[in-house]
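This report describes selected surface and pocket features of one protein chain. The sequence and structure are shown first, and the findings follow.

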Amino acid sequence: MAQECVRVAIRIRPQSAKEQINMCQICTSVNRSENQVFLGKDKAFTYDFVFDTDSNQQAIYQSCSHSLIEGCLEGYNATIFAYGQTGSGKTYTMGTGFDIELPTENVGIIPRAVGHLFDGIEARRKAAIEQNRPPPDFKVNAQFIELYNEEILDLLDTTRDPSEARGKKSHIKIHEDAGGGIYTVGVTTRVVSSLQDTIQCLQIGALSRTTACTNMNAQSSRSHAIFTLHIKQQRAVVELDDGKETDTMQEPIVEFETLTAKFHFVDLAGSERLKRTGATGDRAKEAISINCGLLALGNVISALGDKAKKGSHVPYRDSKLTRLLQDSLGGNSNTVMIACASPSDCDFMETLNALKYANRARNIKNKVTINQDKTSRQINALRSEIQDLKQELMDYKQVLSLNRPFIILLVPFLRP
């Protein structure tokens, strides 16, 4: 089990047309070589990745998400989530807002990651066939949920009426397995076998997601959305009789292992100040619920990342959002947080809060381990033990060979 820190990226979006018309000044700057973001004259923050206003979607995907997909293909969980104030570009970055007219270069993280996943599956199958090995068997399932006013809604359930479902209590439950993993019961699961299948699920869910207009965003997300891919594979492990892995087929021993992984793509609703958004009625209630969820997430990040609070209670159960992300923060997952921010001085305080929020997340350490079935774990443990015993035997023989002349000289003196 390895400990991996949560990696954090900052993305500064370009100024909007409204901000340019209002003559808003740019208050952020970026030092790419040092991965630093400067806010105003005296505030500097360092992160794992920084992206200025001229960054493109491909560069962000390659830096933040590429390695996560490769890890999923090897049985490791992954999470990537976008945080920031409303209108800072989270949905655009993640790709959870479906737009059929969106140019290819503007496609977000999720469609790129799905394409990468299925390309990786096909590449592994071809490599196995070329090496005369049994090709791995992959099964990929998709789930898409939103957290609206602290109720979990199934975005892939086509039998429900979205407007009616938002006013009723959800039947979806959150559970924890014996290993501490979090899973949901009652969520629609769709088998996907290609990029097109997955994009269709993303489209269905995006059209069902709750959005509304506010003073700060014409199409503001009013809920937290989580798109999850579950990947299960059964692959062959080919070895020689001596236990060493090889690419040749000389007297091979073929064993099968089962690996599972899940990838959460999280598009958090933007933090809001009611005074600026002008939200009233249902929009105000939604904003309060959104801010409560983000506050609970901030408390979890503080409990996990603040050295002064090390060992203290982590309030995962304060919100369904933090409960759903329990694996991703302090658990078994490779996690990347993308904090989206505005460069304009009119959003100075919101940007400062987002940068501080992201800075705390860098201190979180996750306990990352491969997800193998019990039989595979036992086989790997026995294989490792055999290798250790072989190494001890080789060391013992080497010691004997070095001391052999000395032993021969002592033999006459040892006779009775």
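## Leu-393 and its surface patch

In this predicted model, Leu-393 counts as partly exposed because its relative accessibility is 45%, a value between the 20% limit for buried residues and the 50% limit for exposed ones. Leu-393 is located in helix α12, which covers residues 374–414.

Together with Tyr-396 and Leu-400, Leu-393 forms a nonpolar patch on the surface. The combined accessible area of Leu-393, Tyr-396 and Leu-400 is about 300 Å².

## The second largest pocket

The volume of the second largest pocket is about 890 Å³. Its lining consists of 35 residues, and those lying nearest the centre are Asn-77, Asp-177, Gly-181, Lys-262 and Asp-327. By class, the lining residues comprise ten nonpolar, 18 polar and seven charged.

Several strands contribute to this lining: β8 (137–148), β11 (182–185), β15 (224–239) and β16 (253–267) supply at least two residues each. The most is given by β15, with five residues.

## Glu-74 and a contact distant in sequence

Glu-74 lies in the loop that runs between α3 (66–72) and β7 (78–83). With a relative accessibility of 29%, Glu-74 is therefore classed as partly exposed.

Which separation is found between the C-alpha atoms of Glu-74 and Leu-259? The two atoms are 7.3 Å apart, although Glu-74 and Leu-259 are 185 residues apart along the chain.

Technical notes
Residues are numbered from 1 along each chain as its sequence is written. This is a predicted model: local features need pLDDT of at least 70, side-chain atom pairs count only at pLDDT 80 or more; totals for chains, interfaces and linings use all residues. Side-chain values use heavy atoms; hydrogens and water are left out. On a 1 Å grid over the protein atoms alone, a cavity is a set of points where a 1.4 Å probe fits but cannot get out, and a pocket is an open set with protein on both sides within 12 Å along at least five of seven lines; lining residues have an atom within 4 Å of a point. Grid points are joined across faces, edges and corners, and a volume is the space filled by probe spheres set on the points. Helices (H or I, at least four residues) and strands (E, at least two) are DSSP runs, numbered from the N terminus. Ala, Val, Leu, Ile, Met, Phe, Trp, Tyr, Cys and Pro count as nonpolar, Asp, Glu, Lys and Arg as charged, and the others, Gly among them, as polar. Patches are made of residues with over 30% relative accessible area and no salt bridge: like charges are joined within 9 Å, nonpolar side chains (Val, Leu, Ile, Met, Phe, Trp, Tyr) within 5 Å. Accessible areas come from the Shrake-Rupley method with a 1.4 Å probe; for residues, only the protein chains shown count as cover. A salt bridge is a side-chain nitrogen of Lys or Arg within 4 Å of a carboxyl oxygen of Asp or Glu. Buried means under 20% relative accessible area, exposed over 50%, partly exposed in between (1.4 Å probe, protein chains only).
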